[in-house]
Amino acid sequence: MDRRTFSRNIAVAGAAAALSPFGIVRAQAQKLKVGVILPRSGYLGFIGQSCQKGADLAPGVIKEMLGVDIELMNADFESNVDTARTRAERLIQEGANVLVGPFDSGAAAAIAQVAEQRGVPFVINIAAAPQITEQGYKYVFRNFQTAIDIVRNGLDLIGDLFQATNTVPRTAVYMHVNDTFGQAMTKGIGALLPRRTQLPFKIVDTISYDPAAKDLTVEVSKAKAANADFLLLVCRLNDAIILRREMVKQRWNPMGIVSPGSPGMYEEQYFKTLGKLSEYSISNVPWYNPAAKLTRIVEKAFLKQNPKDRLEFHGLNAGFTFEAILVAADAYKRARSTDPKVLAEAIRQTNITEKMTLGGPIKFNEKGQVEGIGSACVQNRNLLPTVVLPASAATAKPVFPMPGYKKA
Amino acid sequence: MSFDLVANVVVAGVLTGLVYGLMALGLSVIFGVVRVVNFAHGEMMTIAMYAATVLFASLGLDPFLCILPAALAFFVFGYLLQAGLINPFITRPEHSQFMLLVAVAIIMVNALLMVFGPSARSIQVDYQLESFELGKVLVDKARFFAALAAVVTAGLLFSFFKFSLMGKAIRACADNHLGALVVGLDVKKLYALTFGLGSVCVAVAGCAMVLLVDVTPPLGPAYTLLAFVIVIVGGLGSMPGALLGGVLIGVSEALAGLFVAPSAKSMFSFGLLILILLLRPQGLLGKKA
Amino acid sequence: MTRASAALAVLAIVLIALPAMVGNYALSVVTLILYFAYTGQAWNVMMGFAGQLSLGHALYVGVGAYAAGGLFFHYGAGPWAGLWLAMLLCVALGLVIGFLAFRFGVSGVYFALLTIAFAEFTRVGFDHLDWLGGPGGMFLRVAQRDTWDILNFRGPPLMYYYAILFLCGAALALCNLLLKSKAGYYWQAIRENEEAAQALGINTFRWKMLAVAISSAMTSVSGVFFAFYYNNLFPEQIFHISRSIEIILGPIIGGVGTLFGPILGAAVLTLLSDGITEGLAAMGWEIPGIKQVFYGVVLLAVIMFLPNGIWPFIARKLKL
């Protein structure tokens, strides 16, 4: 470079240095660009849109809370893993400083590779496959429970449920979807249940079913024939609905339907389709704390943007998506830079205690995983998912066995 | 494994199988006569199911009452589809015909996705959750009526093909294309008619099925595959074969699910398909080519 | 130099120089295009050359991917070892299917259904194979992504781009060779009229089996690439019938049986779908499913009005 350019550069640098103690130059120049990559179409469309609601309210709430400006760059990966990869590349190319998403483990794995390759931090909102944080990635962070954590918390909550309702079921029949999620959960249950000696029940039969199956007559017949006290279920939305109906048709009324941690029974569609048949189903899932201060702030913002909706139906999806963006914004505030490497370091130092989801502070371990995220026992009551345990966050008392229980 | 359990499962398998059989019947008729691989068959059934949900939601019509208007609408639709789109393709190579219908299927599935969204739609009628009790066997009411509708429709179709002039003409086309032309039959019109009739089967099967299963757009491709498996197993061009194939698949999947692993149910259907293709390609009741 | 070779040379130069001209996103898209172009070309050998419609080609991609992936996952063996295992297994599988089909006289749409059945059977089967990850999927460890390590097939996306580009070129050369060889003529004869070919004394069974073997071997390489590029394999995705259909869309749109058809078809389809997404986003139409409907309509139009595919049409126009 020639002398003129050199002098000019010195002058600019000097000016910047002079102004920087006031933070004027940097603060004015930069917003944090958050690439939000979700499945807003395709078979995960509904869930992606639910997560998007959590993202949409984030800039406003974060501006109030932290005083930082964030700009969302939304991308839809259409429930397709190939598209997830190219969209991630696209977001990074267009200047995203950090990526947030994607709800699905397969897509998370694909995006993680792009993030690692390009050195851009990726904060996972929801994805349970344990392997994602076992690959030695430096730029991937997950503020969600792995399948093993979900099972552990789920089983513990089941114990709490029996204690709180003074019941001692001895047997359970375990039904699960045979897909990525169901398999991970099953492995977890297989490993953890035998060691949970304080849980009074044994699993007498295990029935796995195809998530795409439309007819679950055989499966329910088998389950009913096991004559167990209650149904332990790992499911997804559509099959949960089919199962519940089939149970009624076959006149099977166990003590309860309890999920140690799976989607489906707390989703809006389950209530809409089943009406009062949806009552009393229990899901032990990561959830938000209805009593937390941040929850109230988020709920207000949610209702403002979605006046005809209820936060309860989007608790998990919107809550964790919001928190993922919160993590990014909090790191940005501390790092005071949008440089991805600096941001990644800052994220690694995260320690957020003021949060909306249950459990300990948001703090990443050396694998990029948050430990100590809590779960709640969420029971369907009056057509709304209601937290019944832990007692400190509960808004109602658990009901178990459900009314209509007939000992076979 | 008690007898009751097996009996319940087998009965349910037979009843559901009959409805599948009706859907496959439509395909068998189309495939057997027009010789076109209707890869949009399942998608058409899905459209019928959605139509039933819409009629139920807006007019409160029970799906069984929807059958008549749906059948009529689908007859016209099928006729036009064949006459307008498919007829010119009869002489084209197989992969072209196939891709044509794949394109149609893609359009159908995604149009449904656009209009209805990805979550499942269903019909809630009172008798849906009730069952008849025959001793220890619980027969699902809705399933029973659905199977009844399937059998009645199949019966009507049989008599049409056996006794009516038009039906005989269509069978002639299927047996001997050249001969039919020589005799002066308007083959293209008969093809369109056949497609229309096949679509009627799909419409009835759809209205019946929507009581048993919640409809989502991805059901289409799954049913297309199922229809082909049934038709091949039962025998191309054999109408009783389609029903038999349906029942066979329904029962074998149920039993496989019961005795082995429910999640591996479909392996048995495909295994059966492979065996039939290799050992008895004309199907169980089909005539040797 | 003929016009065709000149055009091909230009295309090759453009593709080789591409990374210097475009960003990462475009590169990832072109990598995807080339992947489908290569796989489509492999399928084309069975269909276009030997006239056998395989609708379950994802079977070979999946088996190839799991073979190489499994070897790496459980024994640390690199992709070059996995490649041989993948090809071996896929050729064996293809020959079994071919044998069963041809000996029993299964052809046309029945053959297509047979291939679908095998793919579906395998899909559900792998879902129950916990040793290979089951439905939870198999995740391959990535040692590094900075330097080009050809031996372990690890490196930056740029390396994968050139790898698939090389594969495409190799496939093109191989198919060209095959078409002009004795095999090519026999295949043409069989495609046009199998009975007449048999009457002429051609052992149709042997030549059809050869086509199946070559096609499945080529497709297995696609699977190995997939395994080490994506690094996670799920039976539901890799064996799914939608994948099989994705594979054949390119060649059918581009032109079955032609040399450049699959590549052109893959390019047109990917660019089209991306273009539609952009266009719709620009117009503010964000209805889920609308892109695929457009896609289907375009597909329909091409099938109806350019039944031999786009390539023959363009070749005529450009007098290549």
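This report walks through a predicted multi-chain model, from confidence to fold, domains and one interface. Residues are numbered from 1 along each chain as its sequence is written, and chains are lettered from A and ligands numbered from 1 in the order in which they are written. As the model is predicted, local features need pLDDT of at least 70 and side-chain atom pairs count only at pLDDT 80 or more, while totals for chains, interfaces and linings use all residues.

**Confidence**

The model scores ipTM 0.81 and pTM 0.83. Chain C has a mean pLDDT (the predictor's confidence in each residue, from 0 to 100) of 87, with 98% of its residues at 70 or more. Within chain C, helix α13 (residues 290–305) has the lowest confidence, at a mean of 81, and helix α3 (residues 58–75) the highest, at 94.

**Chain A: fold and domains**

Chain A holds 14 helices and 12 strands; these are DSSP runs, H or I of at least four residues for helices and E of at least two for strands, numbered from the N terminus. Its C-alpha trace spans about 90 × 40 × 40 Å along the principal axes. For 408 residues, a compact globule would have a radius of gyration near 22 Å, and the 23 Å of chain A agrees; the radius is taken over C-alpha atoms, and the rule is 2.2 Å times the number of residues to the power 0.38.

Two domains are given for chain A, with bounds from an automatic or database domain assignment.

| Domain of chain A | Residues | Residues in the contact between the domains |
|---|---|---|
| Domain 1 | 23–146 + 291–373 | 16 residues |
| Domain 2 | 148–287 + 376–393 | 16 residues |

Contact here means that C-beta atoms, placed from the backbone, lie within 7 Å. The domain centres, taken over C-alpha atoms, are separated by 29 Å.

**Where chain A meets chain C**

How many residues of chain A are in contact with chain C? On the chain A side there are 26, and they touch 25 residues of chain C. Elements giving two or more residues to the chain A side are α5 (81–93), α6 (105–118) and α8 (180–192), and α5(A) brings the largest share, 8 residues.

**A helix in chain B**

Helix α2 (residues 41–59) of chain B has 19 residues and should span 27 Å at 1.5 Å a residue; its end C-alpha atoms are 27 Å apart, which agrees. The expected span is 1.5 Å times one less than the number of residues. After α2(B) comes B:Gly60, whose phi is positive, near 70°.

Conventions
Contact = placed C-beta atoms within 7 Å.
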